[in-house]
Amino acid sequence: MTIETHTLLQHNQGKGSVILSAGYGPPTKQELLIHYPGRFTWPQLKAIINSGDLDLLQRDKKLQLRYNNWTADLEKEYGSTVNYLLNHRLQWGKRDTLSLIPSALDEPEDVYDHRNTHIENRSHIAPEYFQADIPLHSELICIVRNDWPYSIPSEIEHTLIWSRVPIFHPALIHSSIDARIQQDGLSGFTGAITSAEQLPSLESCLPLLAEWGITRENIRTPRGSNEDEEMIRNAGKEVDAFVKRRWQENKWETAWFVNPPRLQSVPGLAHIHVFVRMKSPEEIAS
């Protein structure tokens, strides 16, 4: 399908509800502002990520419908979403030039200049797992804006870091916490100006989450011993340090997570979600 803009209509006869999705294909920044304004606030987004209950993160229902229709056509053309990503969308080691959603991050032009690097995508030199010091221009990774962001505030950027090397690895994950990470994945914050204790409770988010049919019964609050929590933080230390490298904490606040395999939209292709907020001049000065 090559039509750029049309209206998709889905009618649920059982409930008499109608969902309209304006446009086709990945949305522009302007379309997100007009048709799919964010429902989650920044504190609510952080509260959900902090809880480890990543099932609660949702995309606007109209945008999800638009995504479903687009991917159905995509799979006819490329065979699968993975083929589309590998053969078109992910330009390994290069600047993201395909996104319709601009980023406020000002990167030096020479960050992606391969003339001065000997980094190559060869299995015998690739690390066993994702590491903090992987160069931004390495062909082992691809950093792009999420073409289909979750329902987040307009000032928050949703970035994906795709990796050709695994993020979950036995060298980082102690056997005693493996089941927890398989259930909840990994997450963390950088540049935070408030503590986790100051975040809203998940219960306070229930009125918002009701839009997606989520109730108190759907909410889990997994927490282990202090020792377990420390091991989980250690399992995410490489990701956390990489995020700090790219989004310096004096200028940016981030919330990142890596979905467990059960929630990965593209199984077998490792990636990190990073939500990014630019700090205000007052916050930077403090």
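# Burial, salt bridges and cores in a predicted model

Student: What is the relative accessible area of E253?
Tutor: E253 is classed as buried, a term for under 20% relative accessible area, with exposed for over 50% and partly exposed in between (1.4 Å probe, protein chains only). The model is predicted: local features need pLDDT of at least 70, side-chain atom pairs count only at pLDDT 80 or more, and totals for chains, interfaces and linings use all residues. Residues are numbered from 1 along each chain as its sequence is written, and side-chain values use heavy atoms, with hydrogens and water left out. The relative accessible area of E253 is 2%.

Student: With which residue does the side chain of E253 meet in a salt bridge?
Tutor: A salt bridge is a side-chain nitrogen of Lys or Arg within 4 Å of a carboxyl oxygen of Asp or Glu. For E253 the N to O distance is 2.8 Å. The partner of E253 is R277.

Student: How many residues apart are E253 and R277?
Tutor: Helices (H or I, at least four residues) and strands (E, at least two) are DSSP runs, numbered from the N terminus. E253 belongs to strand 6 (residues 252-258) and R277 to strand 7 (residues 270-278), and the pair links distant parts of the chain. Their separation is 24 residues.

Student: Which residue other than E253 pairs with R277, given that R277 and its partner meet in a salt bridge of 3.1 Å?
Tutor: R277 is itself buried, with a relative accessible area of 13%. The second partner is partly exposed, at 22%. The salt bridge, 3.1 Å from N to O, is with E283.

Student: Why are D184 and R180 separated by about one helical turn?
Tutor: Their side chains meet in a salt bridge of 3.1 Å, N to O, and D184 is buried at 7% relative accessibility. An α-helix has 3.6 residues a turn, so residues three or four places apart point the same way. D184 and R180 are about one turn apart because both lie in helix 5 (residues 178-184), at a spacing of 4 residues.

Student: How many salt bridges does the count come to?
Tutor: Side chains of opposite charge can pair when their charged atoms come close. Under the 4 Å rule, the total is 16.

Student: How far apart are the end C-alpha atoms of helix 3?
Tutor: Helix 3 (residues 61-78) has 18 residues, and the expected span is 1.5 Å times one less than the number of residues. The expected span is therefore 26 Å, and the model agrees with it. The end C-alpha atoms are apart by 25 Å.

Student: Which residue caps the N-terminal end of helix 3?
Tutor: A polar contact is a pair of N or O atoms within 3.5 Å; within protein, one must be able to donate a hydrogen and the other to accept it, and residues adjacent in sequence count only if both atoms are side-chain atoms. Here a side-chain oxygen lies 2.8 Å from the backbone nitrogen of K62. The capping residue is D60.

Student: Which residue just after helix 3 takes a positive phi?
Tutor: Within helix 3, the buried residues include L63, Y67, W70 and L74. The positive phi, about 95°, comes just after this helix. The residue is G79.

Student: How many residues of helix 2 are buried?
Tutor: Helix 2 (residues 42-51) is mostly covered. Its cover includes strand 5 (186-190), helix 6 (206-209), strand 6 and strand 7. Among its buried residues are W42, L45 and I49. Of 10 residues, the number buried is 8.

Student: How many residues does the largest nonpolar core have?
Tutor: A nonpolar core is a set of buried Ala, Val, Leu, Ile, Met, Phe, Trp, Tyr and Cys residues joined through side-chain atoms within 4.5 Å. Those with the most contacts inside it include F130, W256 and V274. Strand 7 gives it the most, with 4 residues. The size of this core, in residues, is 31.

Student: Which tryptophan residues are in contact with V274, leaving aside neighbours within four places in sequence?
Tutor: Contact means heavy atoms within 4.5 Å. The contacts of V274 include E157, I161 and V243. Its tryptophan contacts are W247 and W256.

Student: How many disulfides does a search of the whole structure find?
Tutor: A disulfide is a pair of cysteine sulfur atoms within 2.5 Å. C142 is buried at 2% relative accessibility, and C205 is buried at 1%. The number of disulfides found is 0.
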